[in-house]
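Good morning, and thank you for coming. I would like to take you through one structure, beginning with a term and then moving from single strands to the whole chain.

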Amino acid sequence: MARFPFGIPNSWYLVAYSDELEKDSVKALPYLGRNMVAMRDANGAVAVLDGYCPHLGANLAVGGTCEEGAIRCPFHGWRFDGDGRCIEIPYAKRIPQGARLPRYPALERNGMIFVWHGAPDSEPFFEIPELPEWEDSEFTKRWLRFEWVVETHPQEISENGIDFPHLQFVHHMDPVEEYRLRFEGPAYYWSIGVNKTFSTMRDYHDDFTMTGENWGLGYSLIRQRGRFDTVVVTSFTAVDRETTCIKLAVIARHGDLGEQELQAELEGYMREHAAVAEQDFPIWKHKRYEPKPVLCESDAPIAEHREWASQFYVDSASL
Ligand code: FES
Ligand SMILES: [Fe+2]
């Protein structure tokens, strides 16, 4: 039996950073149960297309090249523009009907590239918000990045985000006595204040407050004020129905430190926090989704979260 009775949720997923996709470059995006390829079209806008050529099925992300905003297949040289239309067959005058690659909705925002997963021909029903800190000169200018592939499902990670009692047992934090949590449309918002010594971190103590918002089942944003004032974006990018690529990205306020000095310090600081995230993985990897959980009065609002999450499966395209 499958551990997770879901398809891939209809949501935005972080698939790459803007600086990983230069003009006239091609990037493989092996996510969302698809083989996708990204490039920049003639206007510099990100285009995400299906990665298999409709001619004889070559993988455009392996050896394909981008010329003037159109991708050329490595097998017989057919060229496709940002809309996925074939615009050139070097050895034929007429372009056959159907010579077209499916195009997926993409959004470039806050130095990140997102792809929408949804039912065929349906439109995204929310956006990833702009981040004022990304434009703020007081913040670092490059996302510090961490990445893991874990055998779990985005909904499980989202549910874990509101499961405050687990912080005590998996992350060895003091009990969270107070939190705020509000579900609203495609988002939920939460905050906790934590005064913590993490047992996993040698001599490490950080008093911090966290304010978070999640948009859909693929995107989480946390503002954490502690030793550093940080913005942490985490994407739960589904690879397939049972595998998720977790991408965690951080910017921080400079304070008294210069950009380089801060980047170095921030890396060490975030490595410690990344180690905390890793504590969840063995649980996630081996657990199953319990459709009818037995809950106690002090548990998190799991049922409310599940009802909220159900909106992301309407007409969901299954694999
Ligand atoms: S398979 Fe792509 S041009 Fe032939
Ligand atoms: Fe956790």
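A residue is called buried here if 20 or more other C-beta atoms lie within 10 Å of its own. Please keep that cut-off in mind, and please note also that this is a predicted model.

Let us apply the term at once to strand β18. Of the 10 residues of β18, eight are buried, so this strand is largely enclosed by the rest of the structure. β18 covers residues 243-252, and 10 bridges join it to β17 in an antiparallel arrangement. Two pairs of residues may help you to find this pairing on the screen. T237 has C245 in β18 as its bridge partner, and T234 stands opposite L248 in β18. The link between β17 and β18 is a hairpin through two residues.

β18 also pairs with strand β12, residues 144-150. Seven bridges join β12 to β18, and these strands run antiparallel. In this pairing W148 stands opposite I246 in β18.

I turn now to β17 itself. How many of the 12 residues of β17 are buried? The number is nine, so β17, residues 229-240, is likewise described as largely enclosed by the rest of the structure. Besides its bridges to β18, β17 is joined by seven bridges to strand β16, residues 219-225, and that pairing is antiparallel. Within it, Q224 stands opposite T230 in β17. A hairpin through three residues leads from β16 to β17.

Let me move to another part of the chain, a sheet of three strands. This open sheet has the order β1-β11-β10, and its pairing is antiparallel. Which strands stand at the edges of this sheet? They are β1, residues 11-17, and β10, residues 106-109, each of which pairs on one side only. On average, neighbouring strands of this sheet are turned by 30° against each other, when direction is ignored. Between β1 and β11, residues 112-117, there are six bridges, and the two strands run antiparallel. To locate the pairing, look for Y13, whose bridge partner in β11 is V115.

A further open sheet is made of four strands in the order β5-β6-β7-β8, with antiparallel pairing. At its edges stand β5, residues 65-67, and β8, residues 86-88; each has a single partner strand, so one side of each is left without a neighbour in the sheet. Inside this sheet, two bridges join β6, residues 70-72, to β7, residues 79-80, and these strands run antiparallel. Here R72 stands opposite R79 in β7.

With these strands in view, we can consider the chain as a whole. In total the chain has five helices and 18 strands. Why may the chain be called as compact as a globular protein of its length? Its radius of gyration is 21 Å, close to the 20 Å that the globule rule gives for 319 residues, so the description applies. Along its principal axes, the C-alpha trace spans about 70 × 50 × 30 Å. Buried residues account for 32% of the 319 residues in the chain. As to contacts between residues at least 6 apart in sequence, 58% of them join residues at least 24 apart.

The chain is divided into two domains: domain 1 comprises residues 11-117, and domain 2 comprises residues 132-313. Taken over C-alpha atoms, their centres are separated by 32 Å. Domain 1 contributes 12 residues to the contact between them, and domain 2 contributes 15 residues. What classes of residue does domain 1 present on the side that touches domain 2? There are eight nonpolar, four polar and no charged residues on that side.

I shall close with a single residue, A303, which lies in helix α5, residues 302-309. Is A303 buried or exposed? A303 has 11 C-beta neighbours inside 10 Å and therefore counts as exposed. Its position also shows how sequence and space can be read together. A303 and E159 are 144 residues apart in sequence, and their C-alpha atoms are 9.7 Å apart in space.

To recapitulate, we began with β18, where eight of the 10 residues are buried, and ended with A303, which counts as exposed. Thank you for your attention.

Technical notes. Residues numbered from 1 in each chain as written. Chains lettered and ligands numbered in written order. Predicted model: local features only at pLDDT ≥ 70, side-chain atom pairs only at ≥ 80, totals over all residues. Pairing = 2+ DSSP bridges. Axes fitted to C-alpha atoms, helices over the stretch in contact; angles between N-to-C directions. Rg over C-alpha atoms; globule rule 2.2 N^0.38 Å. Contact = placed C-beta atoms within 7 Å. Domains from an automatic or database assignment. Nonpolar A, V, L, I, M, F, W, Y, C, P; charged D, E, K, R; others polar.
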